[in-house]
Amino acid sequence: MDSLKIDNLTVTIDNKTILEDFNLEVKSGEIHAIMGPNGTGKSTLTKVVMGDPNYKIKKGHIYFNDIDITKMKVDGRARLGLFLGMQMPMEIEGVSNADFLRTALRSKEDNFKLYSFIKELDENVTKLKMDKEMIHRGINEGFSGGERKKNEILQMHILKPKVVMLDEIDSGLDVDSLKLVGQSVMEYYQKQKPAILLITHYQRLLDYIKPDYVHIMSDGKIIKSGDASLVKIIEEEGYDKIKESSASVRHEK
Ligand code: ADP
Ligand code: MG
């Protein structure tokens, strides 16, 4: 069993604290959803876990199983099996999707087989209803928002990560693509039983990807955790009210 453990993490950028004493553990076979207002630190959390050097870790640790990865570089974390489907995937000219995936996979797997790679790539592109020609284009070059998101999911299927973080994978997707992507993530989940950390604003993604735990994040920390029924409360009450009630609970203690 694999586990991603975030232990008392405090993160700053330009001397501004973004995450504060943040704690979370996600184990294989578990789906955790994080919801919360804009600018709360959700994307920062995923980027820091992936090893983005722009953020400064002031305090705390990140563990993958028993390995302290707090200071590990991005490629090391990726090789261990961490994956981030980004909110705004970048365009990288001059490196084709196929070349990128082949190189990434080769560095990760001892017995890389070109034929099965091509076959698997082809199958996944078809399933995700992506244009076949896209795999030979530069990474995300000229891709629409929705196509970029599908491309992230394609990478997930090929790289087979053990920890999958998906940052607003639903943004930019039309209803049909949302369903396709949601089902595609679930299919991966059933097959590989990864640990999943999902960031979203909307119930509609959670109709397809059913979370075991829902966390509400505000000002760089989790202020409330629960099961999927919490999503309904968020939709009815909004974040502000939950924030007020959690603050008063803390005050009473
Ligand atoms: P969320 O994903 O919850 O909307 P983010 O993690 O993107 O929030 O951002 C949290 C806060 O950190 C915001 O106030 C944002 O402006 C700030 N922030 C994030 N990344 C950077 C950066 N690279 N430089 C400066 N400020 C940043
Ligand atoms: Mg974000």
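Which backbone atom, N or O, of which residue lies 2.7 Å from an oxygen atom of ligand 1? This tour begins there, in a model that is predicted.

**Stop one: the ligand and its contacts**

Select ligand 1 and then Gly 39. A backbone N or O atom of Gly 39 lies 2.7 Å from an oxygen atom of the ligand. Next, select Ser 43, where a backbone N or O atom is 2.9 Å from an oxygen atom of ligand 1. Then display the side chain of Lys 16; one of its polar atoms is found 2.9 Å from an oxygen atom of ligand 1. Taken alone, ligand 1 exposes 560 Å², and the protein buries 65% of that area.

**Stop two: the shell around the ligand**

Now select the residues around ligand 1: Ile 13, Lys 16, Ile 18, Pro 37, Asn 38, Gly 39, Thr 40, Gly 41, Lys 42, Ser 43, Thr 44 and Tyr 55. Colour this shell by class, and 4 nonpolar, 6 polar and 2 charged residues appear.

Which elements each supply at least two residues of this shell? Select strand 2, residues 16-27, and helix 1, residues 42-50, since each of them does so. The largest share, 3 residues, comes from helix 1.

**Stop three: helix 5 and helix 6**

Leave the ligand and select helix 5, residues 145-159, together with helix 6, residues 175-192. A pair of packed helices is described by the angle between the two axes and by the distance between those axes. For helix 5 and helix 6, the angle is about 15 degrees and the axes are 11 Å apart. Angles under 35 degrees count as roughly parallel, and helix 5 and helix 6 are therefore roughly parallel to each other. Turn the view to follow how helix 5 passes helix 6: the crossing is left-handed.

**Stop four: helix 3 and helix 5**

Keep helix 5 selected and add helix 3, residues 97-108. How is this pair arranged? The axes of helix 3 and helix 5 come within 10 Å and cross at roughly 30 degrees. Helix 3 and helix 5 are therefore also roughly parallel to each other. Here the crossing, in which helix 3 passes helix 5, is right-handed.

Conventions:
Residues numbered from 1 in each chain as written. Chains lettered and ligands numbered in written order. Predicted model: local features only at pLDDT ≥ 70, side-chain atom pairs only at ≥ 80, totals over all residues. Heavy atoms only, no water. Near = heavy atom within 4 Å. Polar contact = N/O pair within 3.5 Å; in protein donor to acceptor, adjacent residues only side chain to side chain. Areas by Shrake-Rupley, 256 points an atom, 1.4 Å probe, with all protein chains shown as cover. Helix = DSSP H or I, 4+ residues; strand = E, 2+ residues; numbered from the N terminus. Nonpolar A, V, L, I, M, F, W, Y, C, P; charged D, E, K, R; others polar. Axes fitted to C-alpha atoms, helices over the stretch in contact; angles between N-to-C directions. Parallel < 35°, antiparallel > 145°, perpendicular 65-115°, else oblique. Left-handed = near helix turned anticlockwise from the far one by under 90°.
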